[in-house]
Structures are given as C-alpha cells and as structure tokens.
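Subject: The structure we talked about

Hi there,

Here is the structure I promised to send over. Have a look at it first, and then read on for what turned up in it.

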Amino acid sequence: MTDQILPQVLEQILSGSKTADAVFSALLPALGEVLNCDRVFLYLRNPETQRGRVPYCWRRNSNYPDVSGAEWKKEPESLGEEDPLFAAALRTKPSIFVEDVETANPEVVNKDFEAKVFGHRALIHAHLCSDGLLWGVLQPCIFDRPRVWTDFDRQVIAAVTEKISPLAVAFVTASASKDQR
C-alpha cells in the first residue's frame, strides 16, 4: 500500500514516532472527516485474556452514542456466535465494509445485534491484526442511511489499519503491564 493514497492530514498523523495515544487521539477525528462518518471508535483487546475496551471514540456531534469506556472488560463468550463481524475479525479475515446493515447478508451481519448494540446503518469493521491475532477493531460508521464505501475509502482503511496495527499491539501490551502492577 503506497502512502500516496492517504490524504495529507492522515499521513501527518501516522508518520514519525508518536505514541499510540497521540496517534489514536488525532487519527479518529481526522478519519471521521476524511471518510465523512458520524462516528469512529477504536476497540482494543488483549487476545490472550479476551479483555477489551473502547479507549477512543470520536462523534460528529453529541446525537451519536459515545461507546468509549475506561475499564477493560471480558468479552462475552457468545460474542463470536452472536456477531459474525467479530467472528471474522477473530479469524483475522480482511476488514468488512457493510453498506447497509438492514439488507446485508445475515452470514456477514447480525442485523438485530447491530441494531441493539450499536444502532448504526453502515459501517467499516476494520481488523487490527498482528501475528495471526486480533488486537483491535477500528469502526467508522454512519447512522441514518446506507453508505456505499468507495475504492478510496477501502484504500484509506487498508493503509490506516496497516500502520496502526503495531500501535494497537503496543497500546494493549503497555496497558497489560500497567494492570499487573
């Protein structure tokens, strides 16, 4: 993936040696603007303990739910069965672009689960993987209408996930070591 496809604002955020916190804090609002989304959140998880949290959530305005949380929580045992998107992420499959939750293939999207838990209509389920393990999910979404994800959107997500996956690992690893103190 070449850096030329990334808009300059994203390239600036992702270049250089910045902390994971600095990158994630700056990235979500910029990505939300570049992709013209209603909300972008980042779910980070420890694949060894199956504990995760949403430390970063950007919303275009306060009408959209804030799903962030400071506490690491155990993932429900049934999550992979209830949520085909998460099951695909656990298998480190490529990121999934859902144009309309209402009409998506039920093998890909559990419409009822998405409506109950997230309330969005269109989303990108971008998988942050390293060494065959899922470390996080970056999720830009739209609430009130379907969305056709363009080649540009797909290229941006591919480049961003490639660049931030190591940062997700570093964030989770650092958090795990802090939690053990």
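Below is a walk through the sheet, a few residues in it and in the loops, and the largest pocket.

Please keep in mind that this is a predicted model.

**The sheet**

The best place to start is the open sheet, which has 6 strands in the order S3-S2-S1-S6-S5-S4, paired in the antiparallel sense. Its edges are strand S3 (73-74) and strand S4 (96-98); each has a single partner strand, so one side of each has no neighbour in the sheet. Helix H2 (residues 20-35) packs on this sheet and touches S1, S2, strand S5 (122-130) and strand S6 (133-142). The direction of H2 makes about 50° with that of S2. As general background, strands of a sheet pair through backbone hydrogen bonds, in either a parallel or an antiparallel way.

Going through the pairs, strand S1 (residues 39-46) and strand S2 (residues 51-59) run antiparallel and are joined by 7 bridges. If you want a spot to zoom in on, asparagine 46 is opposite arginine 51 in S2. These two strands form a hairpin with 4 residues between them, and glutamine 50 in the turn has a positive phi of about 55°. S2 is also joined to S3, again antiparallel, by 2 bridges. There, arginine 51 stands opposite lysine 74 in S3.

Over in the other part of the strand order, S5 and S6 pair antiparallel over 7 bridges, with serine 130 opposite leucine 133 in S6. Their hairpin has 2 residues between the strands, and aspartate 131 takes a positive phi near 55° there. S4 and S5 pair antiparallel over 3 bridges, and isoleucine 96 stands opposite histidine 125 in S5. S5 itself is mostly covered, with 7 of its 9 residues buried.

**Two residues in S2**

Is glycine 52 buried or exposed? Its relative accessible area is 4%, under the 20% cut-off, so glycine 52 counts as buried. Glycine 52 lies in strand S2. Beyond its neighbours within four places in sequence, glycine 52 is in contact with Tyr43, Leu44 and Arg45, and also with Glu71, Trp72 and Lys73. From glycine 52 to phenylalanine 118 the C-alpha to C-alpha distance is 16 Å, with their positions 66 residues apart in sequence.

Tyrosine 56 is in strand S2 as well. With a relative accessible area of 9%, tyrosine 56 is buried too. Not counting residues up to four places away in sequence, tyrosine 56 touches Asp21, Phe24, Ser25, Leu28, Val40, Phe41, Leu42 and Phe171. Tyrosine 56 and isoleucine 142 are 86 residues apart in sequence, and their C-alpha atoms are 17 Å apart in space.

**Two loop residues with positive phi**

Asparagine 36 is found in the loop between H2 and S1. Its phi is near 55°, a positive value in a residue that is not glycine. At 45% relative accessibility, asparagine 36 is partly exposed.

Threonine 92 sits in the loop between helix H4 (84-90) and S4. Threonine 92 has a positive phi of about 55°, although it is not a glycine. Its relative accessibility is 29%, so threonine 92 counts as partly exposed.

**The largest pocket**

How much space lies in the largest pocket? The value comes to about 580 Å³. The lining is made of 26 residues, and those nearest the centre are Tyr43, Val54, Leu79, Val117 and Phe118. Elements that give two or more residues to this lining are S1, S2, S3, helix H3 (79-82), helix H5 (111-117) and S6. The largest share comes from H5, with 4 residues. Sorted by class, the lining has 12 nonpolar, 5 polar and 9 charged residues.

If you open the model, a handy route is to begin at the hairpin of S1 and S2, carry on to glycine 52 in S2, and finish at the pocket lining, where Tyr43 and Val54 are among the residues nearest the centre.

Happy to go over any of this with you.

Best wishes

Terms used: Residues numbered from 1 in each chain as written. Predicted model: local features only at pLDDT ≥ 70, side-chain atom pairs only at ≥ 80, totals over all residues. Heavy atoms only, no water. Pairing = 2+ DSSP bridges. Contact = heavy atoms within 4.5 Å. Axes fitted to C-alpha atoms, helices over the stretch in contact; angles between N-to-C directions. Buried < 20%, exposed > 50% of the residue type's maximum accessible area, 1.4 Å probe, protein only. 1 Å grid on protein atoms, 1.4 Å probe; cavity = no way out; pocket = protein on both sides within 12 Å on 5 of 7 lines; lining within 4 Å. Points joined across faces, edges and corners; volume = space filled by probe spheres on them. Nonpolar A, V, L, I, M, F, W, Y, C, P; charged D, E, K, R; others polar.
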